[in-house]
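Trainee: Could we take a close look at how side chains pair up in this model? I would like the geometry and the surroundings of each pair, please.

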Amino acid sequence: MKPLFLLIEILLILGVTIKTIEAEKHSKKQKGRNVTTQVSVNKVKQDLSNILEQGKPINIISKKENLLENKKNQHKLRRKGIRNKDLWKRNKDHLKPQAKNNSTEEGDQLFKTGIKILQQSKSQKQKAEAYIFFAKAADMGNLKAKEKMADALLFGNFGMQNITAAIQLYESLAKEGSYKAQNALGFLSSYGIGMEYNQAKALIYYTFGSAGGSMMSQMILGYRYLSGINVLQNCEVALSHYKKVADYIADKLEKSEGIPVEKVRLTERPENLSSNSEILDWDIYQYYKFLAERGDVQIQVSLGQLHLIGRKGLDQDYYGNAIGLHGLGLLYFYGKGVPVNYAEALKYFQKAAEKGWPNAQFQLGFMYYSGSGVWKDYKLAFKYFYLASQSGQPLAIYYLAEMYATGTGVLRSCRTAVELYKGVCELGHWAESFLTAYFAYKNGDIDSSLVQYALLAEMGYEVAQSNSAFILETKKAKILEKEKMYPMALLLWNRAAIQGNAFARVKTGDYHYYGFGTKKDYHTAATHYSIAADKYHSAQAMFNLGYMYEHGLGITKDIHLARRLYDMAAQTSPDAHIPVFLALMKLQTVHLLQDILFFNFTKRWKWMTLDNTVGPYWDLFVIGLIVAVLIFLLKNRYG
């Protein structure tokens, strides 16, 4: 691998990308800005090229300087009469790690600068500049910077997608012990993107990645053991993997529950408004209420105080604001600005919980679970955790998983615990890729979108599995061979179907019915349609199943059951009315033709089917005939 040439390639691609972005954003009237941008990009390219080109000369100069320094030191030692060769050797060896440390420190500083720019960036240009720092740091051997550059090449950040270069960089990083690289190589092997499709090798990469600390690898292994994907299904092993990630997520969630009371200024802001502008006050109140409902604890406390003292047009109300009551409960629970008082906290939490506020329900559950100010009561803890979980409160879901995993207060259930842990794990920061994947797809960058969705799909996200399958079905992606797309799409549709997606279940049936990515199998198609119809009440599945019963495709022919399924489809969805009407009309017409053509001649001719007389596509002919008759009747009626 040649990292310097790779970085040059990255630089060239990055320069073209920035030019393209700027050209799209500015009109012809803003030529001045375009010139400035081009100059800055050229400067960045020149700077990086100089760094890359000077790599070898710098090393040579450093060697010469080291030799001169060593000779001086040796000469001094000889003049003093010290001829200890071992001492000279130690002095020489000391210079190498010192130079290496200087390079490492500079690389770390460049990486930190890039991260700072990335966090504060408000435009694509600023983000691109951050990656210039990452490229410089990577050239100095900074591991994290190399990982950033490899990810950019894989996911196509700023149009930089180059799968081959990304794989080369990941392979180099894997040798250096990068768990992120192990996870990426496992992902690429599992899909056959730029690498050989090899599930066994993918499993090995994921195992090393999880051992090194990759949360993504942990999630992937948890999902694989839960679903039995290329491993023996094992709930306990899945539980172990998911719990590690869920513990990490829960810790992040708990730490973000800060209550900086000294920054609360909402009670002061309304006083700066005119005392006669009660309507404006009410609008501001509604706005702050919206912010409070999003989880802003400061605003929750302030709204509680407004209702407590009846300020600015609000009635004095000790019980009407669940958000504020919960905020006041938090003050007493954590002792922020007031002494810790569990009794007061419990009182406010109960009032807020009675009004259905999920965060207060969770806090009550936690108090009973941990015995904070109350006697431990796992039944009450379960009750409040369950109530809060119904509104999606993440920490409540986590503690429910803990209770099911350990059998605390409930009958132990590995499967339930894993499903709950999985829900918590899917709140991780990696879920942000859903946004970037969507915008990439919207902007026409299909390959970048597919890679991001596919990684999320590998981690067990049902939505990502459906999205990946949808993209593959269009056959617009270029990172996979055409012949691999339908089989991979079928695999992903099926995984999404297993996780409860009714549309994916119907799609799986369609693939087996038409032979997309697999052999035609009417029986399997009918099975999938039956599941979608019975379990999810899918109108499309009912209609498809009715058609199969009508024609005896993969199942025993049953006209009466076909009619019943057609009727059920019409009742389930208004969109099915017209297709069902045509299908039933076709059935009636077919029976009429059978009566005319066959029943009057049973004594002289043998029974013959319409397939033999009209052909295999007679049903389409009949539908066309019905449509023609309907058009003729409507034309005569309104003509």
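Mentor: Happy to: we will go through the charged pairs, then turn to two serines.

A word on the basis of what follows. The model is predicted, so to speak of local features takes a pLDDT of at least 70 and side-chain atom pairs count only at pLDDT 80 or more, while totals for chains, interfaces and linings use all residues. Numbering starts from 1 along each chain as its sequence is written, and side-chain values use heavy atoms, without hydrogens and water.

A search of the whole structure turns up 12 salt bridges (a side-chain nitrogen of Lys or Arg within 4 Å of a carboxyl oxygen of Asp or Glu). In general, side chains of opposite charge can pair when their charged atoms come close.

Let us begin with Arg224 and Glu458, whose side chains meet in a salt bridge at 2.7 Å, N to O. This pair links distant parts of the chain, with its two members 234 residues apart. Arg224 sits in helix 10 (residues 215-227), and Glu458 belongs to helix 21 (residues 446-458); helices here are DSSP runs of H or I with at least four residues, numbered from the N terminus. Both Arg224 and Glu458 are buried (under 20% relative accessible area, where over 50% is exposed and anything in between is partly exposed, with a 1.4 Å probe and protein chains only). The pair does not stand alone: Arg224, Glu458 and Arg495 are linked in a network of salt bridges.

Now compare the setting of Arg415 and Glu419, a salt bridge at 3.4 Å, N to O. Arg415 and Glu419 both lie in helix 19 (residues 414-425), 4 residues apart, about one turn of the helix. Arg415 has a relative accessible area of 43%, so it is partly exposed. Glu419 is also partly exposed, because its relative accessibility is 37%.

Lys484 and Glu481 form another salt bridge, with 3.4 Å from N to O. Lys484 has a relative accessible area of 32%, which means that it is partly exposed. For Glu481 the relative accessibility is 37%, so Glu481 counts as partly exposed.

That brings us to the serines, where the partner atom belongs to the backbone. Take Ser389, found in helix 17 (residues 378-389). Ser389 counts as buried because its relative accessibility is 13%. A polar atom of the Ser389 side chain lies 2.6 Å from the backbone oxygen of Tyr386. Leaving aside residues up to four places away in sequence, Ser389 touches Ala396, Ile397 and Leu400 (heavy atoms within 4.5 Å).

Ser210 can be read in the same order. Its place is in helix 9 (residues 199-212), and Ser210 is buried because its relative accessible area is 11%. The backbone oxygen of Thr207 is 2.9 Å from a polar atom of the Ser210 side chain. Not counting residues up to four places away in sequence, Ser210 touches Ser217, Gln218 and Leu221. As for Gln182, Ser210 is 28 residues from it in sequence and 8.8 Å from it in space, C-alpha to C-alpha.

If you want one place to start in your viewer, try Arg224: its salt bridge with Glu458 is part of the network that includes Arg495. From there, you could move on to Arg415 and Glu419 in helix 19, then to Ser389 in helix 17 and Ser210 in helix 9.

Key. A polar contact is a pair of N or O atoms within 3.5 Å; within protein, one must be able to donate a hydrogen and the other to accept it, and residues adjacent in sequence count only if both atoms are side-chain atoms.
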